[in-house]
Structure formats: structure tokens, C-alpha cells
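Please walk me through this structure, from the inside to the surface. Plain paragraphs will do.

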Amino acid sequence: APDIPVIDQAYSKLSNSITVEWRTVPGATSYLLTAQDGDSLIETVVTNSPGTVTGLKPATLYRITIRSINSGGKSQPSPFRKAKTVLAAPVLSVSSPSCDSIAVRWKAVYMAAGFSVSLMRSDGLGRMLKENTTNTSLIFTNLDPGTLYTIKAYAWNVNGIPGDDFTYNQRTSPNAPADVQVAFNSGALRASVSWMPTEGALTYSVTASSGLLKLKCNTSSASCVVPSLQCGSEYYVSVTAYNDAGSSKPTDAVSLKTIPCAPVNISIEEDEPGHLLVSWSSVSFGYYYVVFVKSDDGLEVHCNTSHTQCHFQSDCGFTYFISVFAYNKAGQSPSGDVFNYTTAPCCPSDLRAVVVSSDTVQVTWAPVRGVDMYQTRAVDWSGVALCNGTATACTLSALRCNTQYNVTVYSFSEARGSNTSCASKYVATAPCSPEIKNISKEALSVVSVHWQSNNEEATYVVTARGEAGLWHCRSSGNSCTLINLPCGSAFSVSAIARSPAGQSLPSHSVPLETAPCCPNDLIVTQVTQSVTNISWSVGMGAQTYVTTLESPKGQAKCHTLQNYCLLGCITCSTNYTVSLKAVSETGLTSSCTYQGYSSSACCPSGVKLYRLGNNGIRVYWRASEETRDYHTDLHGSKGNFTCTPSSGLSHCDITEIPCGDVYTVVVSPVTDKGPKLTFCPKKIYSVTCSGSSVGMVIYRGKSNAE
């Protein structure tokens, strides 16, 4: 182990440590310092001298020893030295009770005999102040306002040895701002306050006081706006500066009088016709008043007075808008309530009455000023009809037709009532509507209309209205005749009455239907010997048709919705009369007669073929009429052949006809009207060959029948 070191000295510079100095021991790599206070032992390993033991108690006596250490171990402890730690630093509590002073307080320090406190501006300007005291508080005065100071304090013991020091920075509170200026904004009811900035102030607070009411605004600049001031009030405005040390004293209050409030208890009276008296109550801080009176035509007058009433001229039928303002040096009062006063309305002018219908009259007039409502009264011997409204027109309805009324229009104002001296006008209503009693048909296109007449000096017009057009008739009596009405048409018949007072409403319409029209064209076509097709053009107004063919031998009839019809059981070679009935939807009928029709000649019967010599064929038949001529046609694949016998004969010969073919044979009567008949029966025969001559004629059957 190394040698025992020797302590040269042990001393304390800080209250929690002792520094030890010794001579270096050869071969020692480190040293173990020990500080002992009774049972308390604190050790620290250091590498060389000097070494410090920390974590000690202030103002405490310790026994200090040291050991040298190397790889071989530790030496024995050195002879001890006694050393005492210095005093602890006082813990300061600092404040600035005023803008030019700083108060320092601290708690007592163990084993302290006295204290030393020094103060100096933190920016190094000025001199340092130092005080020694045995007390635990101290006040520095005559300092600069709003300035940051550095305070240092320490305690010493009875031997005068100083302990640890404590440093604290403290700013003095600011001085009150100077040159406070107040500007009032009358329109926004707010005040702009400004001042000269004061040294060391961080923020400012502006207070505007009026009685118990206090308004504040805070700012870091040198101006502030105090909003929401009240009219008719006096405020005292002061400014206080603040920093982290506290606040300054408030500045001397500056008086601020706001604008007066709007006058109240405004009354408007028409003390005599054509004169208005406006009065009101006085208001605080109101030096004089101005009354503005504006009529609804845009004209405005005013009155300037220091009293509480004004006189104005007025006219009938006008609405006046009245407002009162108070003034002082601060400006004009806020806008109060705008009052309106309406004088009695004038009577409506340019009265006009127009008869709209038999029970309605429309009344119009020129507007007048100040009217809230018009009332129109129509009076006759039986009662009164009223119409109220705000427009300059009124429609009197539900009046009695064909009656004279006394019409008057009154103007009303809610504020002033009615002007009852307005002139009236006589108006006669239009005639009453006629009532159609009967419509009678005089002829095919002629009808008479009858109505009940209940008007005086009236002319009646009857109108038949339909898709075919309009037909009119006029009369001052109770009937008239409509002529030339088209067939197959539907009409709505109504009547009106006319008089110098106007035209009545139409009567209730009465339906009128004329008989359907006969078809213009009718065509009869024979389809077969016993069937005929009849077709016709459409008849206006007809829904169904009844067609009839009639002769002494019988009658054929057809009822149909179409414009054609097939009639059977027709007798050939017969003259028929042709008739048609057009029937409307309601059952009206028109009988139509057309040119007679003759049915076709009768076809022969018993047609047979016989072979003749020299390659010929004879065709036999039984004639339907003795005086009728016939025509024969043979059609085959090897050729077509015809023959026409002499008049009165019932057979016909065809020569040089090829054998070995099948022929269709038709015998039809010859007509005088052009083409031959195509509906006579056809028979089929097969003609065989025997050598080079015509062979047997074999009947194969009919190709069609009647």
C-alpha cells in the first residue's frame, strides 16, 4: 500500500462542500477523502490535490481525513484536520411596493451574525447600493421607475466569514403614463384614449367610470379604444401602467361627456287643421334640438330650438315622418324612433264606373295621399253593397241586374278615420240574362228559339255555336229564327241581352242537333248473281246506315256502322229502287233516295258439251230468257276458244278444237253495259283423242257454282 498522505489545509468556500489540499504520495493512483460529523460520514475519491467533499451541511464542523490508494490497497488515514462549512445563502423575497422602491425580505440563516445586501441596475448604469444589517428585511428607495435591478445578498458569521450569496433580478413598478388624450366617436359611441409610453411598462389598462358603471380596455400599445359607451353620460377616464412588478398609480381622471340620448315622449297633435304641434321631453346634456318633418312626397322641413316643442304646417291626405335629435358639443344624439302622422284623407277624384256584367260593376278612381283603405258603397232601393280595399279599384259583385245604383267611394285612414263628404255617381247594371224556354224545328235547316224576356229596352242575340261555325239571330221580343243550319251538326244555343248599360251574361246553353247528312255518293256493284255490294261516302253526323233494295219480287235490307254493305237474295234481271237512311247517335234520321238499280241478266243452266265430227264441239244450255243472247268461252292449256250463237239459239259450235286437253267452259249472257259477266258458273270437260280425231267428251265437274 502507498504511504499515508499529509493534509496541508482544509477550508470551505461553499456551504455544502470543503476543499482539501495535501502533498502528493508517490505511487498513489487516487485518494479517498472523508468528512465526518458525529455519526455522519461522507467519502469522495479524487485523483489529485486539491479535492472537494460535497453534500455537506452548511455552518457545520467536520473532521477531515485522507487515504492514498493504489493497486496494492489503501494507506492508513492521515491525521485529521477540522474544517467548518460556510453559512448558507439567504433566500430572498423581493417586491416593488412603489415605482421608486424595492423591498427585500429573507428568512434567518443558521449561525448568521449579519447580512450584506447590494443593488445595482442590471444594465450597469448608475452606482451600486449596499447595505449591511442584522435584520431580515430591507427597503431600497429613490430608484428609477420601471427599471430592472440585480440584488445580491449573503450572510456572515461571527468571524466575518461570508457564506453563499443569492442573486435576484427585480424590476420597479412603472410610473403613471403622461399626456393622456381622449377622443370621442359619437357615431360609434366609443372613446379613443392615447398617452405617452412610460419606462418599463408592459401593458396598460384604461378605465372609464360613470357612477357604478366601469368600462375597461387593456393594451400593450400607447392607445386603446373603449367601446359601448352610453349616451347622455359623463365618464372619468384614467390610465394605469403594468409590468411584472405591479402597477402604477392611475393617471388623473379626464372628464368625457358623451352625446345626448334621443329625445323621448314625443307627441304629435293637429291642434288645428293645417297645423302640427310636435313636443318632447328634455334629455341630459342636450343643449339644443332639431326636429325634421318629411312628407311622403319627399319634401322635408326642420325646426331648430332650445325648447321642447315646434310648429309645422300640414295638408290633407299627407303622411308626415317626424324625428327629433338632441345636440351638444360631443355631437348629435342617436337616431330615435321615427314617428308618422297622417292627416285626414282627401276624397278620391276621377271616379269611373264600368259595367262588367249584369251583376258586376268595376269602379276606379285616382289615388289620394294618406289613405289606408277605400270603401265603395253601391245603394239601391233594396239595400247596400260594400267593397273595402287598399287598391284604387273595386269590383262590386252580386248586384241586381237591370238596376240603377248610387255609387260612392270613401277614403279611410286608420289614424284619422273617414272623409264622408265625397260625391256619388249613378250607375245602371247590365240587363239580366234571358232564359231559353224552347227550341222548335221549323224546317230541315230552320229552328225557332223562344226565351223569357225580363228586361226593359233590351235587344236579344241568340247564337248557335258548333264546329261548323256560328249562326245568329236578333230580336227585341222573346223569339227569333235561326236559318240555314247545316245538316249533321251539333250546336250549343245561348242568348244574351244588350242595353245601353251593357251586355248580360249568356243564358244557360241548350244543345241542338240537326239531322245527319245524306251521303253524296252511292255505288251499287253486283258481286255474284244473287249478291250485291253497296258502298257510299260518309254522311256528316251519321253513326249507322240502313240500306234497302226493293222490287216487286222482294226486298233486301242491311243495317251497318260501316259505309258499305253486302245484300244477298238478289233476283237477276230485276229493277230495284235504292234507298238509304242515315241515323245519328241520338236517333235522328235522314231518308235518302238514289237512282234505281237493275240486277244483271240471269246465267243459263244445263251447260253440256257434245262431240261433232271433223274435230268440233257443240255447247248446249238452257236459256233463262228467250230473247237473251249468250257468249261461250272455252279455256284450255292448248288454246282458248269462243263462240257467239245467233239470236234465240241455245247452242254454239266450236270447230278444230285440239283433243287431249281439259277445258273450262263458261256460258254467260251478253249485256248492253260493257264487260261481260264474270260470275256465271264454270264447268270443266276433258276431251280425249281417238286416233287423229276428237275422242270422247267427258264431264269432269264444275269449277265454281252459283
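**An internal cavity, a surface patch and a loop**

The largest cavity is lined by P604, V607, V665, V666, V667, P681 and K683. The model that shows this cavity is a predicted one. By class, 6 of the lining residues are nonpolar and 1 is charged, while none is polar. The charged class takes in Lys, so K683 is the charged residue of this lining. Strand β60, which covers residues 661-669, gives the lining its largest share, 3 residues. The space inside the largest cavity comes to about 40 Å³. At a threshold of 30 Å³ or more, the structure holds 1 cavity.

The surface comes next. V379, V384 and L386 together make a nonpolar patch of about 240 Å². One of these residues, V379, sits in strand β34, which runs over residues 373-380. V379 has a relative accessible area of 34% and is therefore partly exposed, since that class lies between the 20% limit for buried and the 50% limit for exposed. A patch residue needs over 30% relative accessible area, and V379, at 34%, meets that cut-off.

The last stop is a loop. C517 lies between strands β47 (510-513) and β48 (522-526), in the loop that links them. Is C517 buried or exposed? Its relative accessible area is 12%, and C517 counts as buried because this value is under 20%. C517 also has a partner in space: the C-alpha atoms of C517 and G539 are 4.9 Å apart, although 22 residues separate C517 and G539 in sequence.

Conventions. Residues are numbered from 1 along each chain as its sequence is written. This is a predicted model: local features need pLDDT of at least 70, side-chain atom pairs count only at pLDDT 80 or more; totals for chains, interfaces and linings use all residues. Side-chain values use heavy atoms; hydrogens and water are left out. On a 1 Å grid over the protein atoms alone, a cavity is a set of points where a 1.4 Å probe fits but cannot get out, and a pocket is an open set with protein on both sides within 12 Å along at least five of seven lines; lining residues have an atom within 4 Å of a point. Grid points are joined across faces, edges and corners, and a volume is the space filled by probe spheres set on the points. Helices (H or I, at least four residues) and strands (E, at least two) are DSSP runs, numbered from the N terminus. Patches are made of residues with over 30% relative accessible area and no salt bridge: like charges are joined within 9 Å, nonpolar side chains (Val, Leu, Ile, Met, Phe, Trp, Tyr) within 5 Å. Accessible areas come from the Shrake-Rupley method with a 1.4 Å probe; for residues, only the protein chains shown count as cover. A salt bridge is a side-chain nitrogen of Lys or Arg within 4 Å of a carboxyl oxygen of Asp or Glu. Buried means under 20% relative accessible area, exposed over 50%, partly exposed in between (1.4 Å probe, protein chains only).
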